[in-house]
Amino acid sequence: MFVASLLLFSCTNNPKSSVSQTMNDQTQSEVISELKQKYPSANPMRIERGVKQAAELWQNEQGNKADFKEFCLTNFVADSLKTDRLFEKLQRNYEILWGNYGIMGMQLNEPIDLTGGEVEEIDLAFGAYSPSAHLVQDLYNNKIAFITALNFPQYSLDEKNQLGKNWSQRDWAYARMGEMFTARIPSELNMSMSKASSDADVYIASYNVPMGELRNNDGEQLFPKGMNLLTHWNLRDEIKANYSNKENGLEKQLMVYEVMKRIIDQTIPNEVINNETYQWNPYTNVVTKDGKQITATPEDGKRYQQIINLFNEMQKQDAMYPETMNNYIKRKFDGEMEISQAQCEELFTKFVSSPQAKKVGQIISARLGRPLQPFDIWYDGFKSRSSLDQNMLNSKTMNLYPNAQALEDDIDRMLVDLGYTKERAKYLADKIAVDPARGSGHARGGTMRGDKAHLRTRIGENGMDYKGYNIAIHELGHNVEQTISLYDVNDYMLNGVPNTSFTEALAFMFQKRDLDLLNIKNTNKDQDLETLDTFVSLYEIMGVSLVDMRVWKWMYENPDADAQGLQNAVQDIAKAVWNEYYAPVFGMTDQPILAIYSHMISYPLYLSAYSFGHLIHYQLENHLANLSPKEFANEIDRIYMLGRLTPDRWMEEAVGETISIQPILDAVDQIDVKKYTVNN
Ligand SMILES: [Zn+2]
């Protein structure tokens, strides 16, 4: 999904591309005035922008000035009914093209993504291959891209936010059509980008730590044999799970954190990654076999080489863009998220330095009965399920879901439980497939009507454990969003949501209801606890987002850095962000923990989406509070049928206000500290 979206966005989400030398201003003016003469009643803005867009994309291979003039005079459609007919034909055919290529990409990647069979070189070769890599070039060659650009104007983010207030869904779909062809990226560059992305994915997806082989300083084994935890998601979840372990939970958490630090500073021995042959003491970094110490080799920068590889690919593309989009940071924020990086950073900084963070930190420390540890950024004790017995939960989910099919068969029952009618639940569930995956959970949306959404989940030999189930329900939220916003948004050009945060919001809403779906009574449901829980999630994820952003800024300032240089920089940045915003709450300095996120390696700059996901989730939950299940389901449908507006417009349509941290800060202010300082 990410490889595909990187490709798609790099072709579509940019306001303008570098001006073609051939079709200069003068040529453009001539064509514009001829078109205005030919169509005196046409909207002049459409002519001006259309000609400019087409000119910027036109290259010598398309023909000379006379050819360009001829092309524009022949292909500009002035009449609004004819324009609409052109629009409908274009969007039908783009759905066929992008949809089918999306399905091909998914199927070629199945040997890598799904369980069963060894991943061999040939699988990796197909996984790195992008069938649609030449599609865009083909559409330039046959001039369909130019017809699209000539007839459908692009709008800036600001224009979309302002003019969009009065746009119909079709107007929005026209605007999205105008963003189809905005920069020309050679297919070789798209293919090498795709390979770097795929390599980073494989690196992370096959990075397991055999916990049963860990030894503490007394030579003791704390974790069961055969427990393999994927970095960093499963490691983090193990820390979370141990808050309810009164026996040796803290000791286990401290050990997991030692492992994380070894991954971050790359002193982790190669011998203990994905390998159960050796025993490892992460405190001393000594590796043994049959009680005898062996000479181990540190991983030494492989982790950071993945980021460097991606950065090098981004840089090759940067040159293809105009100044407004000439680096990955701008493309990711202004282009893809449609929220500027500066706005993002300001919002996050304000949040993590808020006095409310100290208040929440004091509550956590009091509940734990000890000073805070760095990994308490993952404190899980505001969730009522932390007090539930993990074994009971595991056996329940393992019984219910011995395999992927069992989960797939249960989806329509879950949707009915959430408030959907039988018919609507079946309609949605029929469009969602569940696949057993190698990595942790993932949701891959359908790419055309007729294609299913895929819920990828990791299922052990004994069935799905609770951790896996909890993630699967999160992914199910994505799949439901993907299905509504593909099948029930009339115009394909408008399918989807403003950016990934908006799909995260629904994923979190589902995940939050995971116990309800198991029919386990959540006896101590408490709005304040939920607020505190969201606050903790935001506080953590905004910190790692700030690190991610600073790392990319650093790379652009140091474009020649190698893996070692980047490794040092990431650690410095992580510690600096910690010292600035976390040390005042945690009372200890120089902790590197914010650098552990795997997303930084394989999905760069994606983390901010999670923060917005939480904020939007919070605002949506407020909006949906006190609705009956039936109203809840109807409102989910109404909101996710809005389609891919800009974030600001979507939020105003959905809940009546734009994205904001204020509601949750205000809610924390109202919380009575004394009431929550006693755990359970
Ligand atoms: Zn998600």
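How far apart do the C-alpha centres of domain 1 and domain 3 lie? In this predicted model, the C-alpha centres of domain 1 and domain 3 lie 35 Å apart.

**Stop 1: the domains**

Start by colouring the chain by domain. Select 2-184 for domain 1, and 204-264 together with 267-300 for domain 2. Domain 3 also comes in two pieces, 339-383 and 527-676, while domain 4 covers 389-517. Now show the contacts between domain 1 and domain 3: eleven residues of domain 1 touch ten residues of domain 3.

**Stop 2: the three-stranded sheet**

Next, select residues 432-436 and 442-444, which are the edge strands β6 and β7, each pairing on one side only. Add residues 453-457 for β8. Together the three strands make an open sheet with mixed pairing, in the order β6-β8-β7. Look along the sheet and you can follow its twist, which averages 20° from one strand to the next.

Turn to the pairing of β6 with β8. These two strands run parallel and are joined by five bridges. Show side chains here to find Ile432 opposite Ala453 and Ala433 opposite His454. On the other side of β8, the pairing with β7 is antiparallel, over three bridges. Pick Ala443 there, and its bridge partner in β8 is Leu455. As a reminder while you compare the two pairings, strands of a sheet pair through backbone hydrogen bonds, either parallel or antiparallel.

**Stop 3: what covers the strands**

Keep β8 selected and colour it by accessibility. Which way do its side chains point? Ala453, Leu455 and Thr457 point one way from β8, and His454 and Arg456 point the other way. This fits a general pattern: in a regular strand the side chains alternate between the two faces of the sheet. Five of the five residues of β8 are buried, and β6 is mostly covered too, with four of its five residues buried.

Now bring in the helices that pack on this sheet. Select residues 80-113 to see helix α5, which touches β7 and β8 and whose direction makes about 15° with that of β8. Then select residues 404-418, helix α19, which touches β6 and β8. The direction of α19 makes about 160° with that of β6.

**Stop 4: the zinc site**

Finish by centring on the zinc ion. Which residues coordinate the zinc ion? Show His474, His478 and Glu504 as sticks: the donors are NE2 of His474, NE2 of His478 and two OE atoms of Glu504, at 2.1 to 2.7 Å. Along the chain, these donors follow the spacing H-x3-H-x25-E.

Select residues 466-487 to light up helix α21, which holds both His474 and His478, four residues apart, or about one turn of the helix. Are these two histidines buried or exposed? Both His474 and His478 are buried.

Why is the arrangement around the zinc ion irregular? The four donor atoms subtend angles of 51 to 145°, so the arrangement counts as irregular. A tetrahedral site would need all angles between 85 and 135 degrees.

Notes. Residues numbered from 1 in each chain as written. Predicted model: local features only at pLDDT ≥ 70, side-chain atom pairs only at ≥ 80, totals over all residues. Heavy atoms only, no water. Donors = N, O, S within 2.8 Å, 3.2 Å for Na, K, Ca; no water. Tetrahedral: all angles 85-135°; square planar, octahedral: opposite > 155°, others 65-115°. Buried < 20%, exposed > 50% of the residue type's maximum accessible area, 1.4 Å probe, protein only. Pairing = 2+ DSSP bridges. Axes fitted to C-alpha atoms, helices over the stretch in contact; angles between N-to-C directions. Contact = heavy atoms within 4.5 Å. Domains from an automatic or database assignment.
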